[in-house]
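Biologist: I am new to this structure and would like a close look at a single part of it. Please take me through the sheet and what surrounds it, step by step.

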Amino acid sequence: MHVGVVGLGYWGSKHVRVLSSTPSVDRVSGFDPDPMRCAATTAVFPAVKTAPSFNALLDEVDAVVIATGPATHADLARRALERGRHVLVEKPLALRPTDAESLTSLAAAADLVLMVGHTFAFNPAVERLQSDIASGSLGTVLRIHSERLNLGRFQSECDVLWDLAPHDLSIIMLITGQTPTSVQSFGRGHIDPAVVDDAHLMLDFEDSGLQAVVHVSWLDPRKVRRVTVVGERRMAVFDDLRDEERLRLYDKGVDKDIEQAPHSVPLSYRYGDITAPLLPAEEPLQREDEHFVGCIRTGAHPLTDGSSGAAVTRILVAATTSLAEDGRKVSIR
């Protein structure tokens with residue numbers, strides 16, 4: 001199989017590295033309009049040839065990975081699908097729900113794989129957390145709090161919401177199997193008023209009563225990548241920056257006496273063991289790219305398909321509207 005990588009910057013170069021060592025990929029090619037990036041790629045990976053244009057790349061390959069700026073994703077993906085190429089698009093799939101839905105329909109009609117780069121779906125800790133929630137070991141999930149903070153990287157082509165929140169939104173929907181029905185968002189641009197660099201999202205899931213809070217920031221002294229899940233029976237914390245024990249399960253909770261008067265203090269707090277399941281030491285991006293290639297070879301449906309990418313886009317559009325309207329609750333359609 002011959003796979004092309006479009007966009008040879010920070011994230012595209014990682015795809016080149018992984019695909020170059022994927023056994024079922026025979027050749028890897030690349031394209032970037034910046035000749036310095038092309039030269040840097042071939043210097044590190046001499047076997048990777050770069051094409052003079054996107055169309056020239058499409059002439060050669062069976063599939064493409066699109067790792068360019070968010071504003072270009074929908075157009076490049078559409079052009080690749082129309083040429084009969086399988087497509088993996090980095091997040092977000094598109095900036096407009098209609099574009100995301102159109103790409104999904106186009107791929108389905110042509111029997112092509114369209115996959116979105118929600119890398120955390122392939123993280124062993126997230127996979128285990130999803131399994132624990134599905135098995136009922138945490139009980140009914142009451143609340144989720146997700147934080148993705150750092151100092152930078154400031155960007156001109158998108159704000160912090162579109163840059164970082166897709167990770168958290170895809171994790172929350174994957175581990176719960178639910179899609180939020182409304183969102184409120186609050187934030188502002190502290191460095192450049194035109195570009196939001198710190199934001200909070202409050203997501204409501206009307207059917208289950210679940211509430212999730214997401215905090216994303218380019219303006220924090222700490223680097224934080226953490227998801228806390230509060231269940232009726234147990235709680236869990238996924239900390240992606242820990243070298244070990246990235247997932248911890250807490251036998252903690254609040255037990256209420258059903259015979260107590262309304263609004264009284266809960267009867268007792270439960271403090272039990274903290275366990276850390278053994279997780280395989282596998283790189284999520286490698287698992288993602290192998291999944292993409294495997295879906296092409298076998299005809300399997302991708303875990304992070306176009307529909308999941310469209311769902312993230314719908315939430316981000318609603319969150320952007322809420323942000324512009326001082327935190328008004330906006331329905332997600």
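Modeller: What follows is a walk through the open sheet, strand by strand, and then outward to the loops and charged pairs. Keep in mind that this is a predicted model.

Start with the sheet as a whole. It is open and has 9 strands. Their order is β14-β13-β12-β11-β7-β10-β9-β8-β15, and the pairing is mixed. As a rule, strands of a sheet pair through backbone hydrogen bonds, in either a parallel or an antiparallel way.

Which strands stand at the edges of this sheet? They are β14, residues 268-275, and β15, residues 330-331. Each has a single partner strand, so one side of each is left without a neighbour in the sheet.

Two helices pack on the sheet. Helix α7 covers residues 160-176. It touches β7 (141-151), β9, β10 (210-217) and β11. The direction of α7 makes about 150° with that of β10. Helix α9, residues 306-324, touches β8, β9 and β15. Its direction makes about 55° with that of β8. Strand β9 is thus on both contact lists, that of α7 and that of α9.

So look closely at β9. How much of β9 is buried? The strand is mostly covered, with 6 of its 8 residues buried. On one side, β9 (residues 198-205) is joined to β8 (residues 182-188) by 7 bridges. These two strands run antiparallel. Within this pairing, V183 has L203 of β9 as its bridge partner. S182 stands opposite D204 in β9.

Strand β9 also pairs with β10. Here 8 bridges join the two, and the strands again run antiparallel. D198 stands opposite S217 in β10. The two strands form a hairpin with 4 residues between them. In that hairpin, G209 takes a positive phi near 85°.

Now move to β11, residues 219-231. L219 is in this strand. Is L219 buried, or does part of it show? Its relative accessibility is 32%, so L219 counts as partly exposed. L219 also belongs to a nonpolar surface patch with L151, F154 and I191. Together the four have about 400 Å² of accessible area.

The loops hold some unusual backbone geometry. Take the loop between β7 and α7, where R153 lies. The peptide bond from G152 to R153 is cis, with omega near 0°. A second cis bond runs from K91 to P92, with omega near -10°. P92 is found in the loop between β5 (86-90) and α5 (97-109).

Two aspartates have a positive phi as well. D326 sits in the loop between α9 and β15, which leads on from a helix that packs on the sheet. Phi of D326 is near 55°, although this residue is not a glycine. D326 counts as exposed because its relative accessibility is 72%. The other is D111, in the loop between α5 and β6 (114-117). Its phi is about 55°, again positive in a residue that is not a glycine. D111 has 69% relative accessibility, so it counts as exposed.

Last come the charged pairs. A search of the whole structure finds 22 salt bridges. One of them leads back to the sheet's packing helix: E101 pairs with R314, with the closest N and O atoms 2.8 Å apart. E101 lies in helix α5 and R314 in helix α9, so the pair ties together parts that are 213 residues apart in sequence. E101 is partly exposed at 34% relative accessibility. R314 is partly exposed too, at 21%.

Other pairs lie elsewhere. D32 forms a salt bridge with R37, where the closest N and O atoms are 3.4 Å apart. What is the state of each partner, buried or exposed? D32 counts as buried, at 7% relative accessibility. R37 is partly exposed, with a relative accessible area of 40%. R248 bridges to E245, with 2.8 Å between the closest N and O atoms. R248 counts as partly exposed at 24%, and E245 is partly exposed at 39%. Finally, D75, R78, R79 and E82 are linked in a network of salt bridges.

Terms used. Residues are numbered from 1 along each chain as its sequence is written. This is a predicted model: local features need pLDDT of at least 70, side-chain atom pairs count only at pLDDT 80 or more; totals for chains, interfaces and linings use all residues. Side-chain values use heavy atoms; hydrogens and water are left out. Patches are made of residues with over 30% relative accessible area and no salt bridge: like charges are joined within 9 Å, nonpolar side chains (Val, Leu, Ile, Met, Phe, Trp, Tyr) within 5 Å. Accessible areas come from the Shrake-Rupley method with a 1.4 Å probe; for residues, only the protein chains shown count as cover. A salt bridge is a side-chain nitrogen of Lys or Arg within 4 Å of a carboxyl oxygen of Asp or Glu. Buried means under 20% relative accessible area, exposed over 50%, partly exposed in between (1.4 Å probe, protein chains only). Two strands pair if DSSP finds at least two bridges between them. Contact means heavy atoms within 4.5 Å. Axes are lines fitted to C-alpha atoms, for helices over the stretch in contact, and angles run from 0 to 180 degrees between N-to-C directions.
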